[in-house]
2 protein chains.
Amino acid sequence: MTVPSQAEAALIETLQERLGKAHVLTAASDMESALVELRGLYRGTALAVVRPGDTQQVAFTIAQCAKRGVPVVAQGGNTGLVGGGVPFGGVVLSLARLNRVREIDPLNGTMTVEAGCVLQSVQAAAAAAGYLFPLSLASEGSCTIGGNLATNAGGTAVLRYGNTRELTLGLEVVLSDGRIWNGLKGLRKDNTGYDLRDLFIGSEGTLGIITAAVLKLSPAPKTRVTAFVGCASPGHALALFNNLRDPAGDQLTAFEYMPDFGLEIVLKHRPASVRPLAERYHSYALVELTSPRVDADLRRTLEEILASALEDGTIADAVMGDSEAQSLALWGLRENLSEVQRLEGGSIKHDVAVPVSRVAEFIEIATKACEDAMPGVRVCAFGHFGDGNIHFNLSQPLGMDKDAYLSEWARFNVIVHDIVNGMNGSIAAEHGIGLIKRDELARYKDPVALDLMRAIKRTLDPGNLLNPGKVVEIGADSPATFPVETRVTKTGLA
Amino acid sequence: MTVPSQAEAALIETLQERLGKAHVLTAASDMESALVELRGLYRGTALAVVRPGDTQQVAFTIAQCAKRGVPVVAQGGNTGLVGGGVPFGGVVLSLARLNRVREIDPLNGTMTVEAGCVLQSVQAAAAAAGYLFPLSLASEGSCTIGGNLATNAGGTAVLRYGNTRELTLGLEVVLSDGRIWNGLKGLRKDNTGYDLRDLFIGSEGTLGIITAAVLKLSPAPKTRVTAFVGCASPGHALALFNNLRDPAGDQLTAFEYMPDFGLEIVLKHRPASVRPLAERYHSYALVELTSPRVDADLRRTLEEILASALEDGTIADAVMGDSEAQSLALWGLRENLSEVQRLEGGSIKHDVAVPVSRVAEFIEIATKACEDAMPGVRVCAFGHFGDGNIHFNLSQPLGMDKDAYLSEWARFNVIVHDIVNGMNGSIAAEHGIGLIKRDELARYKDPVALDLMRAIKRTLDPGNLLNPGKVVEIGADSPATFPVETRVTKTGLA
């Protein structure tokens with residue numbers, strides 16, 4: 001551990017006085033979990049992990065850091081997948097103690113929550129009030145709503161309800177100089193000037209620290225029908241999606257995709273799971289329709305669409321979840337896929353989006369390109385098909401050395417991202433940029449957009465103290481730059 | 001007409017060379033319609049009205065203006081209600097010739113349109129492709145989508161589909177230095193850096209000129225049921241809204257409100273309209289449910305909710321539109337209200353929003369405060385109740401001098417906006433700030449937010465050339481400031 005400078009020591013003392021020593025952690029063992037990225041991709045360093053108890057203390061902490069030029073990296077559940085929460089010196093600001101649900105206003109259909117609330121607890125508070133907070137993703141038991149806001153998290157309900165951005169009405173944000181912007185309004189319409197809210201959402205802690213938010217609640221669905229469908233290609237899945245969207249409208253709440261390889265590794269590594277269809281097919285779709293009403297007709301609608309799709313050859317087979325337990329089992333096949341990939345060796349991952357109209361074409365072209373580049377590579381392209389968002393992951397060829405395989409990461413990035421870019425897509429659909437994609441972004445993003453981003457960063461954080469070096473580099477003269485290639489372990493990538 | 005300076009003359013010559021003389025208008029008669037605000041509130045001045053034919057020509061125009069320090073005010077249909085499009089010197093940039101639908105991608109559920117497309121033509125193009133583009137407002141026959149984007153327009157379908165912001169996926173924008181940002185992506189998920197799109201949407205032409213957009217399309221509703229409801233107070237209307245929202249979910253597509261006074265003046269001035277209910281009531285709600293499916297059950301749902309509300313005294317009477325013609329007639333009662341108010345003399349107007357949970361309370365408190373301030377004033381509080389957005393308009397007392405009444409505008413602003421502000425509401429819900437509310441905004445907006453807005457304006461438009469003096473003043477040293485009180489005629493306010 002490096003010895004803190006005099007200014008840094010003074011900062012720690014000042015923070016300990018205001019927040020209490022228990023909330024300004026400096027011992028290596030106390031800081032450990034905040035320094036390491038979830039998958040072990042990066043190990044950072046920090047002067048202290050600071051745990052303010054309310055917004056005023058966050059503002060005090062930021063103001064003190066700003067005064068001394070000390071960088072601040074905000075952390076919620078530290079579950080990010082792009083290295084966005086890794087500190088490289090300075091202070092880790094944990095929002096964990098800002099975990100109150102400040103208000104639920106059922107008649108307004110809103111709840112006001114603090115940044116450190118775990119997503120699952122936000123969902124639970126909404127449910128207790130008779131509502132649905134629809135944001136749902138794999139890490140919901142440990143990620144925080146502040147992190148969801150900072151990364152504009154996506155997940156499995158975007159098709160129907162939108163990303164975190166679309167679920168948010170107001171924000172409270174601490175700025176880089178320690179001032180507090182109170183934008184906690186729960187309004188459906190508010191055209192009083194520039195949209196500051198959406199500037200902070202998705203900025204990954206580089207423009208300000210979100211301390212609280214007003215979230216939109218939705219009526220809880222009263223009817224839910226689920227089906228697992230087998231078909232001959234991603235193109236057939238897309239045709240089914242198109243057949244569903246018109247009659248089902250936004251009652252179509254999920255259209256997830258997985259390939260044969262994906263289903264087989266779930267069945268292999270999760271012995272409790274049951275093969276849903278009698279035969280194997282090239283592609284599978286998990287379809288869900290919900291209605292806010294008790295709606296017996298919804299099941300018939302889905303049955304009719306599937307029957308018609310079977311008849312005209314769009315799909316090859318389908319099974320419907322006849323009970324809540326069966327629906328959950330079908331969802332389990334999809335949800336377990338993220339986890340079991342690591343049991344198949346090294347996995348090179350991409351989180352991309354293309355227009356929905358091109359998602360089948362993308363899967364086919366990118367699959368062929370990767371298989372051509374490395375015979376034996378096993379493509380696991382799955383995810384939020386109805387959003388055009390595919391987790392285009394590549395499991396290593398059987399028998400290949402894992403480290404040798406993972407050393408090809410950059411080569412596959414170019415292959416996959418070039419195809420995405422050629423389709424006017426996104427190289428970071430729902431996980432963000434952080435550190436891992438920062439230099440990729442500089443390669444693919446419209447240069448005018450990059451320039452605007454840098455100008456905004458310089459304006460809102462002139463000292464480059466908020467999560468410096470993440471998302472976008474603001475120039476060679478920035479006070480804190482560091483290379484993307486600080487990964488501690490290649491094997492950690494798997 | 002003032003004689004242009006040498007630099008200004010050179011600018012006009014340069015623009016005429018590139019765009020053609022027919023598209024750089026300088027004669028007073030040619031410019032007239034671009035100088036006057038819709039309601040006659042303001043009369044501006046301009047060097048020229050420039051009509052570029054494509055994005056490159058817009059960029060050229062802006063670059064040439066920037067080079068010479070000449071301000072630029074963009075105009076679409078010039079239908080704004082807050083003086084946002086009024087030029088005070090410089091160039092009026094008309095987007096009218098950028099009126100192509102560039103692409104419709106049915107499978108992606110998107111269309112790419114240029115800024116000068118009239119809203120109605122965007123709706124028609126979507127309908128021709130079998131989709132709904134849900135943005136709908138009174139001026140849809142003449143306003144342009146560029147203006148809708150610049151003001152984040154609202155309208156009657158926000159409850160179900162959101163504001164213009166929520167209907168937009170991508171933008172093409174010309175910046176203040178003439179560079180083009182190509183953000184025309186049609187993606188549901190794209191977390192590649194800061195949300196530039198939403199910074200330009202709603203910025204009223206002060207940060208950049210929107211030249212094209214990718215818009216989201218929705219499935220066209222297959223079933224629609226409408227009801228007109230009478231009840232004893234706004235509080236009863238709110239209770240009905242609450243009873244509807246849970247069972248109907250987002251199938252509740254409209255919940256509009258009008259008071260007894262509003263219905264009576266529509267019936268008085270529109271002799272063809274028919275009284276919908278046998279008796280008169282304090283408050284009325286226009287309710288609409290739609291479904292993307294052919295859904296016979298939808299009508300029964302609404303009938304049951306209304307029957308139950310009648311039984312427990314929430315509402316006093318209701319009629320359902322039994323045909324498309326009847327539904328249109330019910331909508332007509334609401335839609336004619338905007339227009340007939342001017343036939344009742346001077347009208348002092350407010351476009352405000354509060355949390356939906358407080359909308360009834362707001363109407364009651366603000367009504368009493370205004371009636372106390374001026375006995376005989378006739379409150380016409382109506383609008384998008386389900387969004388918490390009320391057009392809180394005040395018709396003059398019978399027999400009072402109109403000008404004397406309108407001279408009280410500022411006093412009523414303070415009364416109404418103070419109440420709105422006390423409820424954490426918005427003084428500009430859907431019409432924007434422009435010029436007419438700029439100084440009101442400075443009074444009510446969080447000072448930190450104002451400061452952020454000014455910093456962003458200075459960063460994106462350092463020369464203060466894009467619609468200077470609108471939305472927010474950036475300081476006494478700004479190259480173009482002018483007072484709000486430039487209204488040409490008080491009577492024009494009615």
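**Exercise 1.** Which residues in α8(B) and α13(B) meet?

*Solution.* Keep in mind that you're looking at a predicted model. Start by finding the two helices in chain B: α8 covers residues 234-248, and α13 covers residues 359-373. Now look at where they touch. From α8(B) come Pro234(B), Gly235(B) and Leu238(B), and they meet Val359(B), Ala360(B), Ile363(B) and Glu364(B) of α13(B). Sort these contact residues by character and you get 5 nonpolar, 1 polar and 1 charged.

**Exercise 2.** Work out how α8(B) and α13(B) are oriented: roughly parallel or roughly antiparallel?

*Solution.* Two packed helices are described by the angle between their axes and the distance between the axes. Here the axes of α8(B) and α13(B) are 8 Å apart, and the angle is about 170°. Angles over 145 degrees count as roughly antiparallel, so α8(B) is roughly antiparallel to α13(B).

**Exercise 3.** Describe the interface of chain A and chain B.

*Solution.* Begin with the head count: 89 residues of chain A are in contact with 89 residues of chain B. Next comes area. The two chains bury about 7,300 Å² between them, with 52% of that on carbon and sulfur atoms.

Then go for the polar side of things. Between chain A and chain B there are 55 residue pairs in polar contact, counting pairs with both residues at pLDDT 80 or more. Which element gives the most to the side of chain A that touches chain B? That's α16(A), with 10 residues. As for character, this side of chain A splits into 38 nonpolar, 27 polar and 24 charged residues.

**Exercise 4.** Track down salt bridges across the interface and within chain A.

*Solution.* Across the interface of chain A and chain B, the rule finds 14 salt bridges. For one pair to look up, try Asp297(A) with Arg293(B), whose closest N and O atoms are 3.5 Å apart.

Over all chains, the structure holds 67 salt bridges. In chain A, Glu114(A) and Arg100(A) form one at 2.5 Å, N to O. Glu114(A) sits in strand β6 and Arg100(A) in the loop between β4 and β5, so this pair ties together parts 14 residues apart in sequence.

Conventions:
Residues numbered from 1 in each chain as written. Chains lettered and ligands numbered in written order. Predicted model: local features only at pLDDT ≥ 70, side-chain atom pairs only at ≥ 80, totals over all residues. Heavy atoms only, no water. Axes fitted to C-alpha atoms, helices over the stretch in contact; angles between N-to-C directions. Helix = DSSP H or I, 4+ residues; strand = E, 2+ residues; numbered from the N terminus. Parallel < 35°, antiparallel > 145°, perpendicular 65-115°, else oblique. Contact = heavy atoms within 4.5 Å. Nonpolar A, V, L, I, M, F, W, Y, C, P; charged D, E, K, R; others polar. Buried area = accessible area lost by both parts, 1.4 Å probe. Salt bridge = Lys/Arg side-chain N within 4 Å of Asp/Glu carboxyl O. Polar contact = N/O pair within 3.5 Å; in protein donor to acceptor, adjacent residues only side chain to side chain.
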